[in-house]
Amino acid sequence: MTVLPITIWGEPVLHRRAAEVDVFDDELRTLIADMFETNEAANGVGLAAPQVGVGRRLFVYRFENDDGAPPSGVVVNPVLTLSKVSGALPDPDEEEEGCLSFPGGQYPLKRAEWARVQGFDGDGTPVEFEATEWFARVIQHEYDHLDGKLYVNRLIDRYSRKAMKQARKSGWGVPGLTWMPGVDPDPFGH
């Protein structure tokens, strides 16, 4: 297994819809193993293929949950069904998200409290589970990456302005920027 560099906001693959996976082969399984290794090295709770420069519809996660889902897994070609997202303002103390592709930033965001996930594992076997609360947030966050969105694209204006200021100050928004988990300093201080 190999730790892969993580792409940073501005890399084109992060900002376009990822393609469906149509072949479940050893190359896909190697990518999945590398993504698990990269997520672990980055202290992440989830990692989508576009975050390692691969425009395919899959993500891995590692999150202890009370929903009966495995604490870690992969979902290929996922389909989500969500509960309604509250129209209330996000709670800055309870609903703050971060992203390995927007390193170091953490901003509040409202998400659906429940998600049904359907897709396939790395062998093409169907998987289906429900996720609630923070686990649902993790799943939605990773799924967004497959549609070319980062959580900062969903922020309310006040937090969006702060995020874009952080991006400008960091020199992001251009292709070719990455960071290497286990080599570069952990941007979230884990």
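**Exercise 1. Decide whether Arg 111 is buried or exposed, then find its partner.**

*Solution.* Start with accessibility: Arg 111 has a relative accessibility of 5%, and buried means under 20%, so this residue counts as buried. Keep in mind that we are working with a predicted model.

Next, look for a charged partner. Side chains of opposite charge can pair when their charged atoms come close. Arg 111 forms a salt bridge with Asp 144, and their closest N and O atoms are 2.8 Å apart. Now place the two residues: Arg 111 belongs to the loop between β6 (102-108) and β7, while Asp 144 sits in helix α2 (residues 133-146), so the pair ties together parts 33 residues apart in sequence. Asp 144 is buried too, with a relative accessible area of 5%.

Finally, widen the view. Through salt bridges that share partners, Glu 95, Glu 97, Lys 110, Arg 111, Arg 137, Asp 144 and Arg 154 are joined into one network.

**Exercise 2. Work out which parts of the chain are tied together by the salt bridge between Arg 29 and Asp 123.**

*Solution.* First, check the contact: the closest N and O atoms of Arg 29 and Asp 123 are 3.3 Å apart, and the two form a salt bridge. Then locate both ends. Arg 29 is in helix α1 (residues 26-41) and Asp 123 is in the loop between β7 (114-120) and β8 (126-132), so the bridge links parts that are 94 residues apart in sequence.

To finish, compare their surroundings. Arg 29 counts as partly exposed at 30% relative accessibility, whereas Asp 123, at 53%, counts as exposed.

**Exercise 3. Describe how strand β3 is linked to helix α1 by a salt bridge.**

*Solution.* Begin with the side chains: Arg 62 and Glu 40 meet in a salt bridge of 2.5 Å, N to O. Arg 62 lies in strand β3 (residues 58-62) and Glu 40 in helix α1, so parts 22 residues apart in sequence are tied together.

Both ends can then be classified. Arg 62 is partly exposed at 30% relative accessibility, and Glu 40 is partly exposed with a relative accessible area of 46%. For the full picture, a search of the whole structure gives 15 salt bridges.

**Exercise 4. Find which residues form a negative surface patch, and place Asp 93.**

*Solution.* The members of the patch are Asp 91, Asp 93, Glu 94 and Glu 96. Taking Asp 93 as our example, we find it in the loop between β4 (72-82) and β5 (96-99). Its relative accessibility is 70%, and exposed means over 50%, so Asp 93 counts as exposed.

Note on methods
Residues are numbered from 1 along each chain as its sequence is written. This is a predicted model: local features need pLDDT of at least 70, side-chain atom pairs count only at pLDDT 80 or more; totals for chains, interfaces and linings use all residues. Side-chain values use heavy atoms; hydrogens and water are left out. Patches are made of residues with over 30% relative accessible area and no salt bridge: like charges are joined within 9 Å, nonpolar side chains (Val, Leu, Ile, Met, Phe, Trp, Tyr) within 5 Å. Accessible areas come from the Shrake-Rupley method with a 1.4 Å probe; for residues, only the protein chains shown count as cover. A salt bridge is a side-chain nitrogen of Lys or Arg within 4 Å of a carboxyl oxygen of Asp or Glu. Lys and Arg count as positive and Asp and Glu as negative; His and the chain ends are not counted. The place of a charge is taken as NZ of Lys, CZ of Arg, CG of Asp or CD of Glu. Helices (H or I, at least four residues) and strands (E, at least two) are DSSP runs, numbered from the N terminus. Buried means under 20% relative accessible area, exposed over 50%, partly exposed in between (1.4 Å probe, protein chains only).
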